[in-house]
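Work through the exercises below with the sequence and the structure side by side, and try each task before reading its solution.

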Amino acid sequence: MAHAFAIREAQRRLAESGGGYEIVHRSPGLELGVYVLVAPEADRQQPHSDDEIYIGLEGTGVLEVGDESVPMEVGKAIFVEAGVEHRFTAYEQLAVLVIFERALG
(Lines give C-alpha, C1' and ligand atoms only; values in the text may rest on other atoms or scores of the structure.)
Protein backbone atom coordinates (compact mmCIF):
# COMPACT_ATOMS: atom_id res chain seq x y z
CA MET A 1 0.00 0.00 0.00
CA ALA A 2 1.31 3.48 -0.88
CA HIS A 3 1.05 6.57 1.29
CA ALA A 4 1.96 10.12 0.21
CA PHE A 5 3.48 12.53 2.74
CA ALA A 6 2.83 16.30 2.71
CA ILE A 7 6.39 17.28 3.72
CA ARG A 8 6.45 20.83 2.28
CA GLU A 9 3.01 21.65 3.69
CA ALA A 10 4.08 20.56 7.18
CA GLN A 11 7.32 22.53 6.80
CA ARG A 12 5.38 25.67 5.79
CA ARG A 13 2.91 25.36 8.71
CA LEU A 14 5.73 24.91 11.22
CA ALA A 15 7.77 27.83 9.84
CA GLU A 16 4.72 30.12 9.95
CA SER A 17 4.09 29.20 13.59
CA GLY A 18 7.70 29.78 14.73
CA GLY A 19 8.95 26.18 14.45
CA GLY A 20 8.25 22.79 16.00
CA TYR A 21 7.83 19.13 15.09
CA GLU A 22 5.01 17.49 13.15
CA ILE A 23 4.60 13.77 12.51
CA VAL A 24 3.64 13.11 8.88
CA HIS A 25 3.65 9.29 9.08
CA ARG A 26 3.63 6.67 11.79
CA SER A 27 3.55 2.91 11.29
CA PRO A 28 4.92 -0.07 13.23
CA GLY A 29 8.67 0.44 13.48
CA LEU A 30 8.77 3.84 11.75
CA GLU A 31 8.02 7.51 12.39
CA LEU A 32 8.56 10.26 9.84
CA GLY A 33 8.37 13.90 10.89
CA VAL A 34 9.32 17.42 9.94
CA TYR A 35 11.31 19.50 12.45
CA VAL A 36 11.64 23.27 11.94
CA LEU A 37 13.85 25.52 14.08
CA VAL A 38 13.70 29.31 13.87
CA ALA A 39 16.32 31.46 15.66
CA PRO A 40 16.54 32.64 18.35
CA GLU A 41 14.52 29.66 19.66
CA ALA A 42 16.96 27.02 20.97
CA ASP A 43 16.81 23.33 20.08
CA ARG A 44 15.72 21.75 23.36
CA GLN A 45 15.42 18.13 22.29
CA GLN A 46 16.59 15.39 24.59
CA PRO A 47 18.21 12.05 23.64
CA HIS A 48 15.73 9.66 22.04
CA SER A 49 15.20 5.98 22.75
CA ASP A 50 15.34 5.14 19.02
CA ASP A 51 17.90 5.57 16.23
CA GLU A 52 17.14 8.47 13.90
CA ILE A 53 18.21 10.09 10.66
CA TYR A 54 17.98 13.82 9.90
CA ILE A 55 17.78 14.97 6.27
CA GLY A 56 18.24 18.68 5.49
CA LEU A 57 15.25 20.30 3.75
CA GLU A 58 16.03 24.01 4.12
CA GLY A 59 18.72 26.21 5.65
CA THR A 60 21.99 25.33 7.32
CA GLY A 61 23.13 24.64 10.84
CA VAL A 62 25.34 22.39 12.92
CA LEU A 63 24.25 19.18 14.65
CA GLU A 64 26.19 18.77 17.88
CA VAL A 65 26.36 15.00 18.51
CA GLY A 66 28.24 14.16 21.70
CA ASP A 67 31.66 15.81 21.20
CA GLU A 68 31.24 16.06 17.40
CA SER A 69 30.02 19.03 15.33
CA VAL A 70 28.44 17.95 12.04
CA PRO A 71 27.40 20.61 9.49
CA MET A 72 23.81 20.25 8.24
CA GLU A 73 22.71 21.50 4.84
CA VAL A 74 20.00 20.81 2.28
CA GLY A 75 20.19 17.25 0.98
CA LYS A 76 22.60 16.03 3.67
CA ALA A 77 21.66 13.11 5.95
CA ILE A 78 23.01 12.54 9.47
CA PHE A 79 22.51 9.39 11.57
CA VAL A 80 22.20 9.69 15.37
CA GLU A 81 22.31 6.58 17.53
CA ALA A 82 19.64 6.07 20.20
CA GLY A 83 20.44 7.63 23.58
CA VAL A 84 23.12 10.05 22.31
CA GLU A 85 22.95 13.73 23.35
CA HIS A 86 22.43 15.93 20.29
CA ARG A 87 21.04 19.30 19.28
CA PHE A 88 21.11 21.76 16.41
CA THR A 89 23.04 25.04 16.72
CA ALA A 90 24.22 27.85 14.42
CA TYR A 91 20.98 28.18 12.43
CA GLU A 92 18.70 31.05 11.42
CA GLN A 93 15.93 28.84 10.07
CA LEU A 94 16.48 25.12 9.62
CA ALA A 95 14.06 22.45 8.42
CA VAL A 96 14.87 18.74 8.53
CA LEU A 97 13.04 15.53 7.76
CA VAL A 98 13.34 13.19 10.73
CA ILE A 99 13.14 9.40 10.38
CA PHE A 100 12.86 7.39 13.61
CA GLU A 101 13.26 3.64 13.75
CA ARG A 102 10.65 2.86 16.40
CA ALA A 103 11.12 -0.31 18.44
CA LEU A 104 8.40 -2.88 17.88
CA GLY A 105 6.64 -4.40 20.80
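A residue counts as exposed when its relative accessible area is over 50%, as buried when that area is under 20%, and as partly exposed in between. The model used here is a predicted one.

**Exercise 1.** Find the salt bridge that Arg-26 forms, and decide whether each partner is buried or exposed.

*Solution.* Begin with the pair itself: Arg-26 forms a salt bridge with Glu-31, and their closest N and O atoms are 3.3 Å apart. Next, take the relative accessible area of Arg-26, which is 58%, so Arg-26 is exposed. Finally, Glu-31 has a relative accessible area of 4%, and therefore Glu-31 is buried.

**Exercise 2.** Explain how Glu-16 and Arg-12 are placed relative to each other in helix 1.

*Solution.* First, note that Glu-16 and Arg-12 form a salt bridge, with 3.4 Å between the closest N and O atoms. Both lie in helix 1 (residues 7–16), and because they are four residues apart there, about one helical turn separates them. As for accessibility, Glu-16 is exposed at 60%, while Arg-12, at 43%, counts as partly exposed.

**Exercise 3.** Which residues of the largest nonpolar core touch the most other members, and which strand gives the most to this core?

*Solution.* The core has 15 residues, of which Tyr-54, Leu-63, Met-72, Phe-88 and Val-96 touch the most other members. Several strands each supply at least two of the core's residues, among them strand 2 (30–38) and strand 5 (68–72), but strand 8 gives the most, with four. To finish, follow Met-72: leaving aside neighbours within four places in sequence, the contacts of Met-72 include Tyr-54, Ile-78, Phe-88 and Val-96.

Note on methods
Residues are numbered from 1 along each chain as its sequence is written. This is a predicted model: local features need pLDDT of at least 70, side-chain atom pairs count only at pLDDT 80 or more; totals for chains, interfaces and linings use all residues. Side-chain values use heavy atoms; hydrogens and water are left out. A nonpolar core is a set of buried Ala, Val, Leu, Ile, Met, Phe, Trp, Tyr and Cys residues joined through side-chain atoms within 4.5 Å. Buried means under 20% relative accessible area, exposed over 50%, partly exposed in between (1.4 Å probe, protein chains only). Contact means heavy atoms within 4.5 Å. A salt bridge is a side-chain nitrogen of Lys or Arg within 4 Å of a carboxyl oxygen of Asp or Glu.
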